[in-house]
Amino acid sequence: MALILVTGAAGFIGSHVAHRLLDRGDEVLGLDNLNTYYDPALKQARLARLETRPGYRHAVVDLADRESMARLFAEARPQGVVHLAAQAGVRYSLEQPAAYVDSNLVGFLSILEGCRAVAPSHLVYASTSSVYGANGKLPFSVHDSAQHPITLYAATKIANEAMAHSYAHLFGIPATGLRFFTVYGPWGRPDMALFKFTQAILEGRPIDVYGQGKMQRDFTYIDDIAAGVVAALDRPPQADPAWDPQAPDPATSGVAPWRILNLGASRPVELMRYIQVLEEKIGRKAELNMMPMQPGDVVRTEADVAETMAALDYAPDTPIEVGVGRFVDWYLDYYRVGRN
């Protein structure tokens, strides 16, 4: 049994990861500041489920509060750290850039300094497929350069990867960055497409379909993501002696116990197909408001997960027909609404 610090534990991915860790017998110290980026009631509901479970305790702390974070690490001394708290959202970064600096940069430094102080066995942290930005090569591979972000959100995540490498090298902190690809499922975020589409269809409102519905996303079900996060935690990286300093691999390092992995389904789905499945599960047709591409969006995402499968025995196997159905069932139950 180990004590694992999970930041963003009242969030979508964080709550699922915390439950999975508790299921296998770990103790979990959850951290979340319960901010108002989206409905705090949903965060409180996720947290309430966790707080009924033996082995879970929670701290309401802001990542950017350096003194409180240092005190939390000194008192808890976690054996492992899963850092999932962040200011998320591509489009929101166009409106509130300072929030991304505070949470994703200042907050990440607090995590790194805490790990420096207590030396956990492994730091696993959230990155994003958005780091691939203007890279047009598909599928997106961790072995390819990701140095041309097209949003501030993505830029902060690239910075996180670089910051983690420096601390892994200087202080020997094993660190794995996980690039998530369009995560969806029960208890999801209200700012994500599936949540917004479901709400609009049930309320009889049109849905905005960007990119004329031609965009493709590597939709990845939450259970597959949580399984990948926990598998990564159990397998800390080591420095790679085969690393070539003349042609360094962006996914690993010869001088530090550091790596980057993709967590995706590797099955891109066109947005219109995603909507069609949702219509079938709800039993209603959607009214479509066809829109052009939004700033910061890309046409297609697809994860190359060969490295992840080899390193973690990662095997995402949830098709959208199953995952979307589970989300709809959760939504109808949580919000107590009918299909007709």
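**Close-up views of a predicted model**

**View 1. Helix 10 and the residue that follows its end.** Arg336 follows helix 10 and has a positive phi, near 55°. The model shown here and in the other views is predicted. Helix 10 covers residues 320-334, and at 1.5 Å a residue these 15 residues should span 21 Å; the end C-alpha atoms lie 20 Å apart, which agrees. Buried positions of helix 10 are Ile320, Gly323, Val324, Gly325, Phe327, Val328, Trp330, Tyr331 and Leu332. These buried residues pack against three helices and three strands, namely helix 2, helix 6, helix 8 (271-282), strand 7 (183-184), strand 10 (220-221) and strand 12 (269-270).

**View 2. Thr198 in helix 6.** Thr198 belongs to helix 6, which comprises residues 193-203. With a relative accessible area of 0%, Thr198 is buried, since the cut-off for burial is under 20%. Leaving aside residues up to four places away in sequence, Thr198 touches Leu278, Ile282, Phe327 and Tyr331. Of these contacts, Phe327 and Tyr331 are among the buried residues of helix 10.

**View 3. Helix 7 within its surroundings.** Helix 7 (residues 222-233) has 12 residues, of which 10 are buried, so the helix is largely enclosed by the rest of the structure. The buried set consists of Ile222, Asp224, Ile225, Ala226, Gly228, Val229, Val230, Ala231, Ala232 and Leu233. At 1.5 Å a residue, helix 7 should span 16 Å, and its end C-alpha atoms are 17 Å apart, which agrees.

**View 4. The largest nonpolar core and Phe180.** In soluble globular proteins, nonpolar side chains tend to be buried together. In this model the largest nonpolar core has 105 residues, and those with the most contacts inside it are Ile13, Val17, Phe73, Phe180, Val229 and Val324. Helix 7 supplies the largest share of this core, 8 residues. Phe180 touches Ile13, Leu84, Ala126, Ser127, Thr128, Ser129, Ile225, Val229 and Leu263, again not counting residues up to four places away in sequence. Two of the residues touched by Phe180, Ile225 and Val229, are buried residues of helix 7.

**View 5. Packing of helix 1 and helix 2.** Helix 1 (residues 12-23) packs with helix 2 (residues 40-51) at an angle of about 10°, and their axes are 10 Å apart. The two helices are therefore roughly parallel, as angles under 35 degrees are classed in this way. On the helix 1 side, Phe12, Ser15, Ala18, His19 and Leu22 meet Arg46, Arg49 and Leu50 of helix 2. The residues of this contact comprise 4 nonpolar, 2 polar and 2 charged.

How values were computed:
Residues are numbered from 1 along each chain as its sequence is written. This is a predicted model: local features need pLDDT of at least 70, side-chain atom pairs count only at pLDDT 80 or more; totals for chains, interfaces and linings use all residues. Side-chain values use heavy atoms; hydrogens and water are left out. Helices (H or I, at least four residues) and strands (E, at least two) are DSSP runs, numbered from the N terminus. The expected span of a helix is 1.5 Å times one less than its number of residues. Buried means under 20% relative accessible area, exposed over 50%, partly exposed in between (1.4 Å probe, protein chains only). A nonpolar core is a set of buried Ala, Val, Leu, Ile, Met, Phe, Trp, Tyr and Cys residues joined through side-chain atoms within 4.5 Å. Contact means heavy atoms within 4.5 Å. Axes are lines fitted to C-alpha atoms, for helices over the stretch in contact, and angles run from 0 to 180 degrees between N-to-C directions. Angles under 35 degrees count as roughly parallel, over 145 as roughly antiparallel, 65 to 115 as roughly perpendicular and the rest as oblique. Ala, Val, Leu, Ile, Met, Phe, Trp, Tyr, Cys and Pro count as nonpolar, Asp, Glu, Lys and Arg as charged, and the others, Gly among them, as polar.
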